[in-house]
Amino acid sequence: MGKPGPLYVVALLSLFASEISEAQVPANLLPYGAGDTINPISDDGSSQAISLQQPFKYFGRAHSRIFVNNNGHITFTEHLSSYIPILHSRRDIIAPLWTDLDNRHSGTISYREDTSSAVLAQATAAIKQYFPNIPFAATSAFVATWDRVPYYNGGGEATFQVVLVSNVHRSFILFNYGHMAATGQIWSAGYDTVDSVSSFNIPAASVPELSSSSNINVNGRWSFHVDGSPNLPTMFLPFGEGEILNPNAEDGSSDVIYLQQPFKYFGRTYNQIFVNNNGYLTFTEPLSAYDPSVDSARDIIAPLWTHLDNRHGGTVSYREDTSSAVLAQVTAVVKQYFPNVPFAAMSAFVATWDSVPYYNGGGVVSFQVVLVYNVHRSFILMYYGNVGVTGQPWLAGYSTVDSVNSFTVPAAGVQELSSGSNINVNGCWSFSVDGSPNLPANFLPFGNGEIVTPHLENGNSEAITLQQPLKYFGRLHHQIFVSNNGYLTFAEPLSAYVPFLNSGRDIIAPIWTHIDNRHGGTVSYRVDTSSAILAQVTGAVKQYFPNIPFFATSAFVATWDSVPYYSGGGVATFQVVIVSSVHRSFILLNYGDIAETEQIWQAGYSSVDTVNSFTIPVTSAPQLSSSSNINVNGRWSFHVDGSPNLPANFLPFGNGEIVIRTSDAENSETILLQQPVTFFGRTYNQIFVNINGLLTFTEPLNSYSPHLNSERDIIAPLWTHLDNRRGGTISYREDTSSAVLAQVSAAVNQYFPNLPLPFAAASAFVATWDSVPYSSGEGEVTFQVVLVSSVDHSFTLFTYGNIAETRQLWLAHYDTMDAVHSFTIPLTMVSELSSSSNVHVSGRWVFHVYSVCDTLGCTGNEVCQFRDTYGCGCLEGQRPNPETFDAMEVCNSSTGTMSLSRCQLFESDFPLEILHLTDQTCTGTLENGRVQFHFDNEGHVCGTTLTSNSTHFIYQNSIQSNLPEGVITRERWMNIAFSCAYPLIQTLSMPMGIQAEQGVLSMDLPGQGTYHIRMIPYHDAQFTSPYEGNVEVQVNQQMYVAVAVEGVDRSQISTVLDNCWATPVNSVDYQIRWNLIVRECPNPEDGTVEVLQNGIDTTSRFSFRMFTFTRASDRIFLHCQVHLCLVQNGRCAQSCDPGNRRRRHRSLDFYHSAAITMAF
């Protein structure tokens, strides 16, 4: 009988649901879709068989293929169409949601095997979080996703995902749940095995609970450890990248494994190794023996030699690991167990037997052996986890081909390996197996990149190119040779074994004698620029030469380790370290065990001209180990660059120092600054160091003839003709180290104690001219310039050392491109620079070349201050009206301006940038120390509102600060309301005799706005021809009059003629009058009056026939009373038709009026 027919929603609703549910996919799902393979659209369908790149270990069984079944489960041996969940189905199965799902109508089911670094890192991090005691690094993640797949019976969709996370040893599954609709179908979630020994069913009462439940405190995620192996002990190195499995074979072995780094084992060096299934390592060939025998006449390392059988379970794996994390871990372990051996691991070979059964059954064993080594030193670590009891023969230890070096772990029973130790760490045994004595504590340890010289009589290294040239008594060397016979040369290798220090060459000889590394020991070298080593040698040099500012940028280390004398009779262990920066060079000669010898020997150094030469004054070679020139037994140290010491007030040469090439006219390349420098208001991201003693910003400058007003920004500690081809160095660096920044910040704060805020440097650009000769050959100069900067300030420090006198032209100054800022050090002799100062420190001049205060434009009533930021504060006595920030208001027409005191705002913590009008886009502008806010009706309304009362119309706005977000705030907030009020009703008279002139009324009331009203007579009804000049106006002539209001917004305001009348004299209140307009309409007693426009614009118009008063003069004076009306209320224009006239109810839309007068 088939399944019942499903019910489906229409496609439109399905699409809508799809859009909604995508937003509901939880963040803990791994990304899916792009690059995934999609399952076929089929009821009860499945994927094809999916071959896994890496087998998946599932409760002791390794599966190489997988099936993704549409009904929410994964199987391994065959696909499964069952839609009724039965967890105990006698198969290995993983079921994030086993129920009847139907992808025929919507949703997708997709999968991929992902080995991308991003996904593996994400999966590894998740497993480490959920299983912190299991060492793990994922090498594969199989991701299967059911995305919005409907239930068969309709009623909803489910989004979920299963991720199989694994490496060759460990396997985990993650169930990730998104939106899970409720269903009445049968369902189950969990996993099961073919024998049902390992099984789990998620205890949720309903499907939607899967999205909110968890076994790892992450809603919607369940995670399980499913490989079936016990956890490796925490001291084991975790399985790692590139882990390789041994074949599953009785008495089998790995193929030959070629080591990246040779392994030194009791004097013999091996480049290969074999991992044997029966619990041991060999070097020359594989070994199938399962019967342990320590005296097997071979080099062997056996953490647990017994008969093991990985055919029945477990894994044997190995890798050579040079990752920084693992090397750091094993280096730390070795240093803990062997604290007196200087050591840094270069490689770790790791072999692990994980849950491997004994051949005769009865239990399994987990153990690991780690070979930790560099070119000189080798160690083995044996780690034991769960070791089952066995009756088989077994053995744990190591031995050598000659059985001279042999050790057997003393345990009565094999299970004691997990609790015994020789280093007080249960289950851990550690041994030093290179066969060399320990280096003395004062030696630098062997390090990364150590290279061994050939085993040759009188041999040498190849030419070693130095990353940084070495300055040796005034000569720069770019290469070096290490001679097996105990010395270093620079120009060429030297095979001489009879010492002769004054040999006409630059040579450094810690012990020059006949040495033969063919019979043992190693001669090795490296150039080391690691921060740890540079810090160590810098500290040593500063201890031995405290008056020389120094910071090492390179260390060349050559070590002769247990190398025999040619004549026999003993070995010698010694080391030479050349410590250098671009300016300074030192050598450290370190001596360990130095056997007595009858051979000729010598120790010291010499130069090509023998001017600089030294021989260590001891009578026998062993005395080198106990003598010293620096009170450290077995160490001699020398300063060998040949330069005088820099003055103490110079910044020392530092990390990243760059030397300018030697040339008469060569300058630095463009130097791009990490931190921009501001020089008198101009900000630069680059700089040039010019050989002739100056810095420029826009381009290099070759001029050696100094001159003022060079039309460029320039900083010249000593501008003169210099020539570094004859000696000395010119170098520079940008230094952001905390030590240097602290030093220059302290100096600036000492010299400028009155800054608004203590100065904290963000960068220091340092350029040094060290013993550079004049072009004339009269002597040398040593000086330094430091540009110290932060966002708010810049300073220059000129520091002078030995400055020889010269007849050359010279100048010490700074200048700007506009010559506005310029200063020249006022001295007559150049040598006086070393003893003069503007800060009471001989040989130092300091200048403030940029201050943020200069950019603020503080007025004479203000002072630069710091209150969380820089700003202009008020001088004492300059705080009028502090309660209103000295507010000043100006109103004109439909515009308004309010200004506030900048310094009072700053002192009240209201910076300009947070203030605005009601419309937040309308911000203030700064003018003469006041912050001005402006609005108008020409596109700059700024949230202004127009309101009214019975007498005025009023424009209102306010100055506000940004309102803090949140429910409450304890920050201050500003809201200063201001308004511009305009009177509404005006009376206008037209004072004219015979001349026709415009009557004008200008209202300008204190504290209020202003506008203008004009009454203008016209000849014509089109109001295009106004009366002008002397005009004869005849009785009964038609007159046209316009009354216009100027200075208001016509979109908001209209002009209304209330009343117009004429008088025989110029008085609006004269008792004899003739009404023309009464209550906005023509006087019904005068049929010549016509109101042409009223209340619909800022201009109103009317006409009448001219007349004169009887028994009076022939002059008339015309008066109008007008008021302004708000257009928005729509009640400004009134009909004067007799049937439509109505009484106007004056409200807040009508305002106080005034009169305007005009005469004829």
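Here are a few notes on one sheet and the cavities in this predicted model.

1. Let's start with the sheet. It is open, has 6 strands, and its pairing is antiparallel. Reading across, the order goes β2-β3-β4-β5-β10-β11. As a reminder, strands of a sheet pair through backbone hydrogen bonds, either parallel or antiparallel.

2. Now the edges of that sheet. These are β2 (50-58) and β11 (200-201), and each has a single partner strand, so one side of each is left without a neighbour in the sheet.

3. If you want one pairing to look at on screen, try β4 and β5. Strand β4 covers residues 73-75 and strand β5 covers residues 93-98; the two run antiparallel and are joined by 2 bridges. For a specific contact, go to isoleucine 74, whose bridge partner in β5 is isoleucine 94.

4. On to the holes. The structure has 4 cavities of 30 Å³ or more, and the largest cavity comes in at about 50 Å³.

5. What lines the largest cavity? You'll find Leu466, Gln468, Leu470, Ser554, Phe556, Ile578 and Ser580 there. By type, the lining has 4 nonpolar and 3 polar residues, with no charged ones.

6. Which strands supply that lining? At least two residues each come from β26 (464-472), β31 (554-564) and β32 (571-580). The top contributor to the lining of the largest cavity is β26, with 3 residues.

Key. Residues numbered from 1 in each chain as written. Predicted model: local features only at pLDDT ≥ 70, side-chain atom pairs only at ≥ 80, totals over all residues. Heavy atoms only, no water. Pairing = 2+ DSSP bridges. Helix = DSSP H or I, 4+ residues; strand = E, 2+ residues; numbered from the N terminus. 1 Å grid on protein atoms, 1.4 Å probe; cavity = no way out; pocket = protein on both sides within 12 Å on 5 of 7 lines; lining within 4 Å. Points joined across faces, edges and corners; volume = space filled by probe spheres on them. Nonpolar A, V, L, I, M, F, W, Y, C, P; charged D, E, K, R; others polar.
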